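Welcome! Below are some short exercises, each with a worked solution. Have a look at the picture before you read on.

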Amino acid sequence: MKTLTYQTIDSTNNEAVRLIETGRCQAGVVVAELQTSGKGQRQNTWYSSSKDGLYYTFFKPYSLDGIEDQLFFVRNILNGVNEVIQSV
């Protein structure tokens, strides 16, 4: 699983979609210090100023049908966040 870190990006979510659609990466965490067109829940826009928070998108094809899949999803999010925090 890759962690891709950017100083500035339009949206971590948009970058995850671009990575998947172009085949450059199928699973990972996109992290940014600043998002210029971030997305919130229910299609709300999200402004994130520099170094005020942790902005990331975790992406991987998965199914949440069973508890194992749900635990895999949560564990990988926590591992990605931990990796970013440790690098700061």
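**Exercise 1.** How many bridges join strand S1 to strand S2, and do the two run parallel or antiparallel? Keep in mind that this is a predicted model.

*Solution.* Start by finding S1 at residues 2–9 and S2 at residues 28–39. Seven bridges join them, and the strands run parallel. To place one pair yourself, look for Thr5, which stands opposite Val31 in S2. Next, follow the chain through helix H1, residues 12–22: together with S1 and S2 this helix makes a β-α-β unit, and the unit is right-handed.

**Exercise 2.** Find the strand that pairs with S2 in the antiparallel sense.

*Solution.* Go to residues 55–59, which form strand S4. Five bridges hold the antiparallel pairing of S2 and S4. As a check, Val29 has Phe58 in S4 as its bridge partner.

**Exercise 3.** Is Thr12 buried or exposed? Find its contacts too.

*Solution.* First, locate Thr12 in helix H1. Its relative accessibility is 3%. Buried means under 20%, so Thr12 counts as buried. Now leave aside the neighbours within four places in sequence: Thr12 is in contact with Val30, Val31, Ala32, Gln35, Tyr55, Tyr56 and Thr57.

**Exercise 4.** Compare the expected span of helix H2 with the model, then work out where its buried residues lie.

*Solution.* H2 covers residues 67–87, which makes 21 residues. At 1.5 Å a residue the helix should span 30 Å, and its end C-alpha atoms are 30 Å apart, so the two agree. Now pick out the buried residues of H2: Asn76, Ile77, Gly80, Val81 and Val84. Seen down the axis of H2, they fall within an arc of 130°, so they line one face of the helix. These buried residues pack against S1, S2 and S4. Turn to the face of H2 that points away from the buried side, and you meet the exposed residues Glu68, Leu71, Leu78 and Gln86.

**Exercise 5.** Which residues make up the largest nonpolar core?

*Solution.* There are eight: Leu4, Ile9, Ala16, Leu19, Cys25, Val30, Ala32 and Phe59. S1, H1 and S2 are the elements that give two or more residues to this core. A second, separate core has six residues, among them Val29, Val31, Val81 and Val84. As background, nonpolar side chains tend to be buried together in soluble globular proteins.

How values were computed:
Residues numbered from 1 in each chain as written. Predicted model: local features only at pLDDT ≥ 70, side-chain atom pairs only at ≥ 80, totals over all residues. Heavy atoms only, no water. Pairing = 2+ DSSP bridges. Helix = DSSP H or I, 4+ residues; strand = E, 2+ residues; numbered from the N terminus. Right-handed = clockwise from strand over helix to strand, strands pointing away. Expected span 1.5 Å × (residues − 1). Buried < 20%, exposed > 50% of the residue type's maximum accessible area, 1.4 Å probe, protein only. Arc of directions from axis to C-beta. Contact = heavy atoms within 4.5 Å. Core = buried A, V, L, I, M, F, W, Y, C linked by side-chain atoms within 4.5 Å.
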